[in-house]
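Got a few minutes to poke around a protein model together? Have a look at it first, then try each question before you read on.

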Amino acid sequence: MTDPIADMLTRIRNAIMVNKDTVEIPSSNMKKAIADIMLKEGYVSDVKLVEDGYNGKLVLTLKYVGKGRSVINGLKRVSKPGLRAYAAVDTMPKVLNGLGIAVLSTNKGIMTDKQAKAANVGGEVLCYIW
């Protein structure tokens, strides 16, 4: 697999399309950090790390409102292995005029665009979530 973050976002997108309650994703530190951000921002209701004798699996419990409408309306991978995308503090992207979040990899860890602005750091734009 060349892009594990894109795989994670695709698994979540596919689970939402068929109204699944949970989705299993092979675990890594980067994916765990992104899942924790999604939990803090209210896009998923629970994140569990299940040991399977290898690296483990992340089990995300998806959040729905109303009749099968997911809280997550869209996921987009921005920085890809073939074309990296970086943003400075003053050119930080806004997702849907602030309604969504951009997840960044900075030298201070994985954080949202708002946290990166507050910490006055830029970094690699991993994905957009809205």
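**Working through the model**

Q: In which strand does Thr 112 lie?
A: Keep in mind that this is a predicted model. The strand we want covers residues 109-112, and Thr 112 falls in that stretch, so to speak at its last number: the answer is strand 9.

Q: Is Thr 112 buried or exposed?
A: Buried means under 20% relative accessible area. Thr 112 has a relative accessible area of 3%, so the word for it is buried.

Q: Which residues does Thr 112 touch, not counting those up to four places away in sequence?
A: Let's skip the close sequence neighbours, up to four places away. What remains is Ile 37, Glu 41, Ile 101, Ala 102 and Leu 104.

Q: How many residues are in the hairpin link from strand 8 to strand 9?
A: Strand 8 (residues 101-106) and strand 9 run antiparallel and are joined by four bridges. In one of these strands, strand 9, Gly 109 is the bridge partner of Thr 106. The hairpin gets from strand 8 to strand 9 through two residues.

Q: Are helix 1 and helix 2 parallel, antiparallel, perpendicular or oblique to each other?
A: Two packed helices are described by the angle between their axes and the distance between the axes. For helix 1 (residues 4-17) and helix 2 (residues 29-41), that's about 40° and 10 Å. Under 35 degrees would count as roughly parallel, and roughly perpendicular begins at 65. Helix 1 and helix 2 are therefore oblique.

Q: How many residues in the contact of helix 1 with helix 2 are nonpolar?
A: Helix 1 brings Pro 4, Ile 5, Met 8 and Ile 12, while helix 2 brings Met 30, Lys 31, Ile 34, Ala 35 and Met 38. Sort them by type and you get one charged, no polar, and the nonpolar ones number eight.

Q: Which strands stand at the edges of the open sheet of three strands?
A: The order is 1-3-2, with antiparallel pairing. A strand with a single partner has one side left without a neighbour in the sheet, so the edges belong to strand 1 (22-26) and strand 2 (44-50).

Q: Which residue in strand 3 does Asp 46 stand opposite?
A: Strand 2 and strand 3 (residues 57-62) run antiparallel, joined by six bridges. Opposite Asp 46, in strand 3, is Thr 61.

Q: Which strands does helix 2 touch as it packs on the sheet?
A: Helix 1 lies across strand 1 and strand 3. Helix 2 makes about 155° with the direction of strand 2, and the strands helix 2 touches are strand 1, strand 2 and strand 3.

Terms used. Residues numbered from 1 in each chain as written. Predicted model: local features only at pLDDT ≥ 70, side-chain atom pairs only at ≥ 80, totals over all residues. Heavy atoms only, no water. Buried < 20%, exposed > 50% of the residue type's maximum accessible area, 1.4 Å probe, protein only. Contact = heavy atoms within 4.5 Å. Axes fitted to C-alpha atoms, helices over the stretch in contact; angles between N-to-C directions. Parallel < 35°, antiparallel > 145°, perpendicular 65-115°, else oblique. Nonpolar A, V, L, I, M, F, W, Y, C, P; charged D, E, K, R; others polar. Pairing = 2+ DSSP bridges.
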